[in-house]
Amino acid sequence: MKSWRSSLRLVWLPGLLAATLVPAGAAFAQDSDNALPIAALGGLMLFFVCIGLAFYIYFSLALMTIARKTNTENGWFAWIPILNCILMLNVAKKPIWWIILFLIPLVNIVVAIIVWMGVAEARNKPNWWGILMIVPVANLVVPGYLAWAD
């Protein structure tokens with residue numbers, strides 16, 4: 001008997017592809033008057049999904065590298081959405097119950113900054129690198145710097 005997790009794994013990727021490609025399929029229908037906007041919307045959705053996937057891979061690789069360089073166990077947690085927060089807490093040497101604070105709006109911003117400051121200290125970098133995570137473009141650079149800088 002299949003578990004719901006294995007069934008979910010089989011469904012999410014085709015569902016994602018269907019959600020992005022169905023609008024484009026309507027564009028190729030000959031009786032559609034608004035074919036071009038629908039095709040543009042499908043292409044735009046596919047573009048943003050690819051960009052989001054690229055950022056997810058980048059942050060996961062950076063966090064996994066940080067975990068490896070700080071000798072933190074279970075570096076593969078970086079690839080699983082909730083477990084990557086637990087991995088960051090382990091790297092920063094913060095209590096695991098702080099995962100609850102990540103679920104509270106506005107509090108999660110402060111906690112994330114404190115955790116990234118702890119991650120920077122674990123990598124022997126100044127803790128102000130964690131504060132840079134609230135700066136819009138710098139938050140793309142900080143994980144890579146903490147992961148791959150000597």
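Leaving aside neighbours within four places in sequence, Ile 86 touches two residues in this predicted model, namely Ile 96 and Ile 99. Ile 86 belongs to helix H3, which runs over residues 83-92, and a further relation across the chain is given by Trp 98, whose C-alpha atom is separated from that of Ile 86 by 8.7 Å although the two residues are 12 apart along the chain. With a relative accessible area of 18%, Ile 86 falls below the 20% cut-off and therefore counts as buried.

**Helix H3 and its surroundings**

The burial of Ile 86 is shared by other residues of H3, since Asn 84, Cys 85, Leu 87, Met 88, Leu 89, Val 91 and Ala 92 are buried in this helix as well. Because 8 of the 10 residues of H3 are buried, the helix is largely enclosed by the rest of the structure. Which helices do the buried residues of H3 pack against? They pack against H2 and H4, and the two contacts can be described in turn.

Towards H4, which covers residues 107-122, the helix H3 packs at an angle of about 50°, with the two axes 8 Å apart. That angle makes H3 oblique to H4, because it lies outside the ranges counted as roughly parallel, antiparallel or perpendicular. The crossing of H3 and H4 is left-handed. On the H3 side the contact involves Met 88, Leu 89, Val 91 and Ala 92, and on the H4 side Val 115, Trp 116, Gly 118, Val 119 and Ala 122. Divided by class, the contact of H3 with H4 has 8 nonpolar residues, 1 polar residue and no charged residues.

Towards H2, the axes of H2 and H3 come within 10 Å and cross at roughly 35°, and H2 passes H3 in a left-handed crossing. Here Leu 63, Ile 66 and Ala 67 of H2 meet Asn 84, Leu 87, Met 88 and Val 91 of H3. The residues of the contact of H2 with H3 divide into 6 nonpolar, 1 polar and no charged. Met 88 and Val 91 are thus named in the contact with H2 and also in the contact with H4.

**Helix H2 and its contact with H6**

Helix H2 covers residues 35-69, and at 1.5 Å a residue its 35 residues should span 51 Å, which agrees with the 51 Å between its end C-alpha atoms. The buried residues of H2 are Ala 35, Gly 42, Ser 60, Ala 62, Leu 63, Thr 65, Ile 66 and Ala 67. Leu 63, Ile 66 and Ala 67 are also the H2 residues named in the contact with H3.

H2 also meets H6, which covers residues 138-148; the axes of these two helices come within 8 Å and cross at roughly 35°, and their crossing is left-handed. From H2 the contact is made by Phe 55, Tyr 58, Phe 59, Leu 61, Ala 62, Thr 65, Ile 66 and Lys 69, while H6 contributes Asn 139, Leu 140, Val 141, Pro 143, Gly 144, Leu 146, Ala 147 and Trp 148. By class, the contact of H2 with H6 has 12 nonpolar, 3 polar and 1 charged residues. Ile 66 of H2 is therefore listed in the contact with H6 and in the contact with H3.

The helix pairs are set side by side below.

| Helix pair | Axis separation | Crossing angle |
|---|---|---|
| H3 and H4 | 8 Å apart | about 50° |
| H2 and H3 | within 10 Å | roughly 35° |
| H2 and H6 | within 8 Å | roughly 35° |

**Positive phi angles beside the helices**

Just after H2, Asn 71 takes a positive phi of about 55°, although Asn 71 is not a glycine. Asn 71 lies in the loop between H2 and H3. Is Asn 71 buried or exposed? At 69% relative accessibility, Asn 71 counts as exposed.

Asn 124 likewise has a positive phi, of about 60°, without being a glycine, and is found in the loop between H4 and helix H5, residues 128-131. Its relative accessibility of 71% makes Asn 124 exposed. H3, for its part, is followed by Lys 93, whose phi is positive and near 60°.

**The protein as a whole**

The protein has 6 helices and 0 strands, and along the sequence it follows the pattern α-α-α-α-α-α. Of its 150 residues, 31% count as buried. Among contacts with a separation of 6 or more, those between residues 24 or more positions apart account for 40%.

Technical notes
Residues are numbered from 1 along each chain as its sequence is written. This is a predicted model: local features need pLDDT of at least 70, side-chain atom pairs count only at pLDDT 80 or more; totals for chains, interfaces and linings use all residues. Side-chain values use heavy atoms; hydrogens and water are left out. Helices (H or I, at least four residues) and strands (E, at least two) are DSSP runs, numbered from the N terminus. Buried means under 20% relative accessible area, exposed over 50%, partly exposed in between (1.4 Å probe, protein chains only). Contact means heavy atoms within 4.5 Å. Axes are lines fitted to C-alpha atoms, for helices over the stretch in contact, and angles run from 0 to 180 degrees between N-to-C directions. Angles under 35 degrees count as roughly parallel, over 145 as roughly antiparallel, 65 to 115 as roughly perpendicular and the rest as oblique. A crossing is left-handed if the near helix is turned anticlockwise from the far one by less than a right angle, and right-handed if clockwise. Ala, Val, Leu, Ile, Met, Phe, Trp, Tyr, Cys and Pro count as nonpolar, Asp, Glu, Lys and Arg as charged, and the others, Gly among them, as polar. The expected span of a helix is 1.5 Å times one less than its number of residues.
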